[in-house]
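Biologist: Hey, can you walk me through this one? I'm new to it.
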Amino acid sequence: MPKDAMAQKRGGWIACPDCDTLHQCGPVKAPHDVKCANCGRTLFTRTENPLDRPLAFALAGLVLFIPANLYPIVTFSFHGVKTDNVLVTGVYRLAEGGFPGVGLLVLLASVLFPALYLMGMTYVLLCSRLRQYPGDFALTLRMTQGLNRWGMIDVYLLACLISFIKLGQLATVLPGPGLYCLGGVLVCTLLASLGFDPDLLWRRFGARSDKAGSWNLLKPKAS
Amino acid sequence: MSNANHKHRALEAGLLTCLECGQISRVAKLPEGSSVRCPACRATLEPRKANMITRTWALVLTGYILYIPANLFPIMTMEMVGNSEKETIFSGVVELFQSGMWAIGLLVFCASITVPLMKLVGLTVLLISVQCGWNWRKRDRTRLYRVIEFIGRWSMLDVFLLSILVAVVNLGGVATIDPEIGMVFFASVVIITMFAAKTFDPRLIWDRAPTQTAS
């Protein structure tokens with residue numbers, strides 16, 4: 001793809017978000033981490049297949065997300081009585097117990113944010129691949145970058161593991177099919193976000209394309 | 001990939017960096033109370049995050065205050081065949097240790113008790129160091145900030161654990177687990193410290209470096 005090579009070459013300047021050091025950045029061969037020479041922060045990671053690979057994993061994650069929400073995650077049987085839960089059962093029970101705020105937090109961090117992250121990633125990667133940039137492209141890419149930290153399926157799965165150990169002494173606890181699907185969602189999300197390269201997407205969109213010395217002058221606008 | 005032999009800093013060169021898309025722009029002198037938007041992605045451009053020190057201090061102090069009830073109040077009630085038992089975060093860890101699962105106990109102890117406190121103490125140290133303009137170990141302090149920012153989400157472990165426990169152990173009179181008020185405080189601590197880490201601007205650690213002012 002010669003146009004991609006162009007987009008990578010026009011890199012120009014980049015400032016470290018953690019220490020504000022300016023770097024001049026030439027074309028980068030994938031796979032490569034570019035780190036700030038001053039503070040060591042990873043500025044961006046150039047990966048192989050930066051559009052197709054994360055897109056494939058994000059789509060796979062979205063597909064697995066449906067059974068992960070529908071099938072029980074933990075099955076608990078105590079003296080012959082059986083209960084199980086899906087992702088949102090805990091949310092419902094927390095709200096019912098008088099703590100809708102905590103329930104909402106669990107709903108956001110374990111269901112909505114991971115789903116939005118995968119959807120946002122799919123959307124921006126598709127846009128960038130087709131070189132069609134609708135008006136909300138920049139906003140979606142910003143949202144997707146921000147959601148990376150707030151989707152917490154990995155933490156949720158660790159909590160499942162601990163619940164098995166905690167409840168294992170009281171009764172029989174078994175993993176449900178939802179747990180395996182959720183594990184699949186986690187693997188897909190991780191692999192997708194490893195290959196996801198917002199820097200490249202911004203460059204293809206047209207940001208960061210100024211050559212040194214010819215910065216565009218912004219006129220301040222009263223607010 | 002970078003020219004490290006002479007370090008220029010964006011703001012000192014009169015350039016604003018967009019934290020969202022990385023676009024670098026030169027901006028004419030900003031009058032008081034005005035704002036500019038990034039030409040590429042339309043995010044608000046600021047030289048440094050606005051009122052960063054005040055905002056982060058407010059969140060950190062709130063975090064300290066909420067940390068106390070989060071650890072004192074019970075987070076759940078366990079009712080097992082007649083006898084009911086209230087559990088705090090700490091007693092949950094102790095119970096895991098007593099039943100011999102010290103590895104898991106240690107994990108929960110770190111995620112729920114150590115990490116939130118370390119985050120608060122770490123941000124306090126960073127804030128004081130920035131306010132006093134310390135010139136000391138800038139790289140390490142930036143690294144400390146990155147660790148604080150990365151590790152915070154794992155404190156949600158206990159919140160998720162409770163949401164699983166109350167959903168699964170719901171057998172009426174035989175065995176029930178109900179959430180208690182402590183969880184509200186605990187969840188607030190986790191969220192507030194995550195926001196505090198997000199509000200902090202590590203570029204201020206580097207801002208008063210005398211070696212960097214020469215351009």
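**Between the chains**

Modeller: Sure, let's begin with a pair: Arg153(B) makes a salt bridge with Asp154(A), the closest N and O atoms being 2.8 Å apart. That term means a side-chain nitrogen of Lys or Arg within 4 Å of a carboxyl oxygen of Asp or Glu. Mind that this is a predicted model, where local features need pLDDT of at least 70, side-chain atom pairs count only at pLDDT 80 or more, and totals for chains, interfaces and linings use all residues. Residues are numbered from 1 along each chain as its sequence is written, chains are lettered from A and ligands numbered from 1 in the order in which they are written, and side-chain values use heavy atoms, leaving out hydrogens and water.

Biologist: Is Arg153(B) buried or exposed?

Modeller: Arg153(B) is buried, at a relative accessible area of 7%. Buried is under 20%, exposed over 50%, partly exposed in between (1.4 Å probe, protein chains only).

Biologist: How many salt bridges are there across the interface of chain A and chain B?

Modeller: The rule finds 7 there. Another example is Asp20(A) with Arg48(B), whose closest N and O atoms are 2.8 Å apart.

Biologist: And how many residues are in contact?

Modeller: 78 residues of chain A touch 91 of chain B, with contact meaning heavy atoms within 4.5 Å.

Biologist: Switching topic, what about Arg137(B) and Asp140(B)?

Modeller: Their side chains meet in a salt bridge too, 3.1 Å from N to O. Arg137(B) counts as exposed at 53% relative accessibility, while Asp140(B) is partly exposed at 32%.
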